[in-house]
Structures are given as C-alpha cells and as structure tokens.
Amino acid sequence: MLTFPYDRVRAVTYAHQWAYRRNPRYYDYQDIGGDCTNFASQCLYAGSGVMNFTPTFGWYYRNANDKAPAWSGVEYFRNFLVREEENEGPFGREAPMAEIKPGDFVQLDLGYGRFSHTSIVVAVGRRPNPQNILVATHSMDSDYRPLRSYSYEKVRFIHILGVRSLI
C-alpha cells in the first residue's frame with residue numbers, strides 16, 4: 001500500500017467553495033440530523049481523492065442510501081481517521097491545538113455530553129488558539145468562523161497525516 005500527502009490546499013479550497021452552498025453530487029442531511037460531518041467528509045475527499053469501501057467500517061459515499069457511517073457520523077468519522085489498521089483512505093490522529101493546520105478537523109461537544117459537530121480548519125494563526133483557528137462548516141453554515149465563537153464543553157482536533165492507497 002502506498003502512502004501519499006494529503007492535499008490541504010484542495011480540501012480548504014473545496015470548503016470555501018461550498019461552505020454556504022450544497023454540492024449537488026451529495027445529499028444534504030441538514031434536515032435529518034445535520035450536514036456538518038457530511039461536509040467535512042466532502043472536504044477530506046477533495047484533499048485525499050481516496051475512499052475506503054469496506055462495508056460498515058470504511059469511509060465512502062456513493063449516494064444518500066449507500067454510504068459508510070463514517071461519512072456523516074461525528075464519532076464514526078473520528079474513529080475511521082484515527083484507526084490503527086493501515087487500510088485505504090485518509091488517516092490522522094488526535095492532536096493538541098498547537099499542531100493544527102488548515103485542512104485538519106475540529107470536533108465539538110456543544111453541551112450534549114457527546115461530540116456532535118465537525119468543522120474543517122481553514123486558517124490558523126502562528127500560535128494556534130481558539131481566537132485564530134478559523135473553520136468552515138455546514139449546520140450553522142460558516143466560513144472563516146473563529147473557533148472561540150462557539151459555545152462548547154469539549155473540543156478535539158484531528159490532524160490528517162496522509163492518505164493510503166492500493167494504487
């Protein structure tokens with residue numbers, strides 16, 4: 001299996017393009033639980049170009065009724081990215097705020113006792129902090145939104161390390 005770099009510029013460019021609109025190639029889950037992780041997955045795919053079609057535990061989207069739970073579920077998204085197995089698709093790890101870069105992801109516990117929101121980081125100051133980490137997201141559609149503008153109980157960061165491919 002080959003490992004190659006994640007294209008952070010493509011992921012962030014996609015985020016800017018679609019932050020306030022919906023790409024017609026993907027279903028909009030806004031009215032049935034939220035569209036934030038679906039949007040995050042679209043951005044991640046724009047920067048990785050590789051899906052993992054493993055039933056149940058993969059990360060893929062064919063259509064609204066044929067997708068992996070990790071494509072649109074907050075916890076599943078995190079679990080797929082930080083998996084220990086070296087299988088196909090993008091991969092990462094939970095990281096401290098200081099290591100976050102554009103193209104990485106932020107997940108928030110908005111006070112429900114569980115992580116329930118995913119955003120893509122689109123800009124970061126020289127010393128990352130909630131004031132200068134800016135995100136794009138759906139389900140509260142925004143772009144260049146400061147992390148500090150959210151009211152949250154807990155935060156976690158997922159730093160993308162690369163992409164694995166069978167080709």
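**Salt bridges and backbone angles in a predicted model**

Biologist: Which residue does the side chain of R22 meet in a salt bridge?

Modeller: The contact runs from N to O over 3.3 Å, and a salt bridge here is a side-chain nitrogen of Lys or Arg within 4 Å of a carboxyl oxygen of Asp or Glu. The model is predicted, with local features needing pLDDT of at least 70 and side-chain atom pairs pLDDT 80 or more, while totals for chains, interfaces and linings use all residues. Residues are numbered from 1 along each chain as its sequence is written, and side-chain values use heavy atoms, without hydrogens and water. The partner of R22 in this salt bridge is D28.

Biologist: What is the relative accessibility of D28?

Modeller: Residues are classed as buried (under 20% relative accessible area), exposed (over 50%) or partly exposed in between, with a 1.4 Å probe and protein chains only. R22 has a relative accessible area of 24% and is therefore partly exposed. D28 also counts as partly exposed, and its relative accessibility is 31%.

Biologist: Which residues are joined with R22 and D28 into one network, and what salt bridge does R156 form?

Modeller: R156 forms a salt bridge with E75, with the closest N and O atoms 3.0 Å apart. This pair links distant parts of the chain, 81 residues apart: R156 lies in strand β9 and E75 in helix α4 (residues 74–81), where helices (H or I, at least four residues) and strands (E, at least two) are DSSP runs numbered from the N terminus. Salt bridges that share partners join R22 and D28 into one network with D35 and D141.

Biologist: Is R156 buried or exposed, and what is its relative accessible area?

Modeller: Its partner E75 counts as partly exposed, at 32% relative accessibility. R156, by contrast, is buried, because its relative accessible area is 9%.

Biologist: Which residue pairs with R62, and how many salt bridges does the structure hold?

Modeller: The side chains of R62 and D66 meet in a salt bridge, 3.3 Å from N to O. R62 is partly exposed at 48% relative accessibility, and D66 is partly exposed at 24%. The number of salt bridges in the structure is 8.

Biologist: Where is T56, a residue other than glycine with a positive phi, found?

Modeller: The phi of T56 is near 70 degrees. T56 is found in the loop between α2 (36–48) and β2 (61–63).

Biologist: Which strand holds Y144?

Modeller: Y144 is not a glycine, yet its phi is positive, at about 60 degrees. Y144 is partly exposed, with a relative accessible area of 47%. The strand, covering residues 142–146, is β8.
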